[in-house]
Amino acid sequence: MVTIPEYYEGKNVLITGATGFMGKVLLEKLLRSCSSVKTAYVLVRPKAGQAPEARIADMINCKLFDRLREEQPDFAEKIVAVNSDLTQPDLDLSTEDQETLTGCINIVFHCAATIRFNEPLKDAMQLNVLATQKMVNLAHRMKHLEVFIHVSTAYAHCDRELIEEVVYPPPVDYRKLIDTLEWMDDKLVSLMTPKLLGERPNTYTYTKALAEQLIQQECGNLNVAIIRPSIVGASWKEPFPGWIDNFNGPSGIFIAVSGHFDFFLSRFKCIGISQYHVISTFKRNPLEQAFRRPNVNLTTNHLINQYWIAVSHKAPAFLYDLFLRMSGREPRMMKTITRLHKAMMVLEYFTSHSWVWNMDNITMLMNQMGSEDKKAFNIDVRQLHWAEYMENYCMGTKKYVLNEELSGLPAARKHLNKLRNIRYTFNTILVVFIWRIFIARSQMARNIWYFVVSLCFKFLSYFRASSTMRY
């Protein structure tokens with residue numbers, strides 16, 4: 001049987017979404033583990049005054065590509081940036097680029113999509129459905145195409161509890177929806193969006209389901225594979241453990257509970273499983289700019305959750321912003337916590353529901369892989385040690401997202417101890433203050449107070465006496 005690197009030998013690959021997290025990881029892995037691949041063409045649009053070539057040059061200078069750079073110093077010569085905009089007619093490709101791509105591409109990886117869960121429906125359709133349609137049309141013109149790989153999501157059919165490896169009938173016909181959205185104004189689309197979504201939580205999962213139907217309907221004689229990744233986290237082992245470069249998904253939550261806020265989460269099942277590893281990691285390796293001690297509390301009570309959000313999140317953030325205003329600086333904490341809470345609410349649906357996914361095709365694929373491929377392209381997550389992975393993930397957010405070096409750990413630990421002492425002092429003062437209010441108004445409260453103080457005094461006296469007797 002031909003190995004994976006042998007299959008890619010001399011092949012030309014086209015990748016969309018190469019500047020996104022999934023696209024970067026795919027590009028690096030492909031060039032490193034399939035070193036005989038001929039060329040990797042990447043569709044990139046100009047952004048912020050940067051040409052596609054400049055964006056790719058900046059991207060491959062990041063740490064993700066360090067190992068590849070050591071093993072293959074000239075790897076960048078295999079990457080060809082193609083000026084393209086997936087929202088424009090014909091993908092905004094020049095005639096010359098169209099001829100090049102249709103004449104040489106063997107494999108297409110369509111990774112590009114908007115991952116903003118609450119994108120307006122028109123925009124989500126444009127990026128996730130219409131762009132896919134344009135890529136399929138381009139693929140039909142490719143003379144040497146062997147396979148078209150579309151990256152979907154495991155949650156495309158999240159309205160089902162059991163999800164098989166099939167394309168399910170969509171909520172609506174994508175063709176009719178495309179035609180309807182052309183004449184509707186944004187206000188009307190916004191009003192009808194909740195009815196269209198039905199039981200789906202957002203426009204992301206909705207349009208991903210439509211894109212799968214589109215591919216099934218329009219692929220014709222193309223060889224197509226649909227990949228459904230679940231929540232995307234940091235790298236497991238390659239090119240090194242814990243690499244992550246964004247706040248999306250769990251990363252933002254981990255950073256929040258690591259010391260920026262004392263987080264109280266409502267109905268987050270997966271966070272409950274991993275909270276011990278996250279908290280323990282950040283207590284041993286605290287953040288340099290921690291605002292609070294690492295902590296997370298879980299509750300299923302919505303009112304309790306809202307109470308602690310107000311007391312433990314918004315009140316400290318408001319006071320800190322007030323301090324910044326008084327010192328002549330721009331307030332920022334309320335904006336930060338508002339963004340974090342919006343992100344948490346977006347993720348809540350996925351972390352508070354459960355699904356069962358059929359994976360017969362994945363099992364079949366693993367069984368057909370040779371021993372060399374199983375080592376180089378390990379996709380068996382049963383081998384993953386979750387405690388170790390979570391620790392690497394947390395350290396990755398510290399090193400690669402927040403750019404904090406391990407040399408700063410001693411100072412960060414001192415800062416964490418300072419925060420602990422401040423918290424204990426504040427809580428003690430608060431308890432005394434509350435009791436003093438009750439003592440001033442209630443004889444029963446006074447009696448309880450004096451009893452507790454007397455008990456504490458007697459305990460301390462006994463402890464001192466017993467310590468003296470030992471010596």
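Five residues, Phe 426, Leu 430, Phe 433, Ile 434 and Ile 437, make up a nonpolar patch on the surface, together showing about 480 Å² of accessible area. Such patches gather residues with over 30% relative accessible area and no salt bridge, nonpolar side chains (Val, Leu, Ile, Met, Phe, Trp, Tyr) being joined within 5 Å and like charges within 9 Å. A salt bridge here is a side-chain nitrogen of Lys or Arg within 4 Å of a carboxyl oxygen of Asp or Glu. Areas come from the Shrake-Rupley method with a 1.4 Å probe.

This is a predicted model, where local features need pLDDT of at least 70 and side-chain atom pairs count only at pLDDT 80 or more, while totals for chains, interfaces and linings use all residues. Residues are numbered from 1 along each chain as its sequence is written, and side-chain values use heavy atoms, leaving out hydrogens and water.

Now for the inside. The largest nonpolar core (buried Ala, Val, Leu, Ile, Met, Phe, Trp, Tyr and Cys joined through side-chain atoms within 4.5 Å; buried means under 20% relative accessible area) has 46 residues, and Ile 15 and Phe 109 touch the most other members. Its largest share, six residues, comes from helix H16 (386-401), helices being DSSP runs of H or I with at least four residues, and strands E runs of at least two.

Then there's Ser 84, in the loop between strand S3 (79-83) and helix H5 (95-104). Ser 84 counts as buried because its relative accessible area is 2%. Its contacts (heavy atoms within 4.5 Å) include Leu 43, Arg 45 and Asp 92.

Key
Buried < 20%, exposed > 50% of the residue type's maximum accessible area, 1.4 Å probe, protein only. Lists of a residue's contacts leave out its neighbours within four places in sequence.
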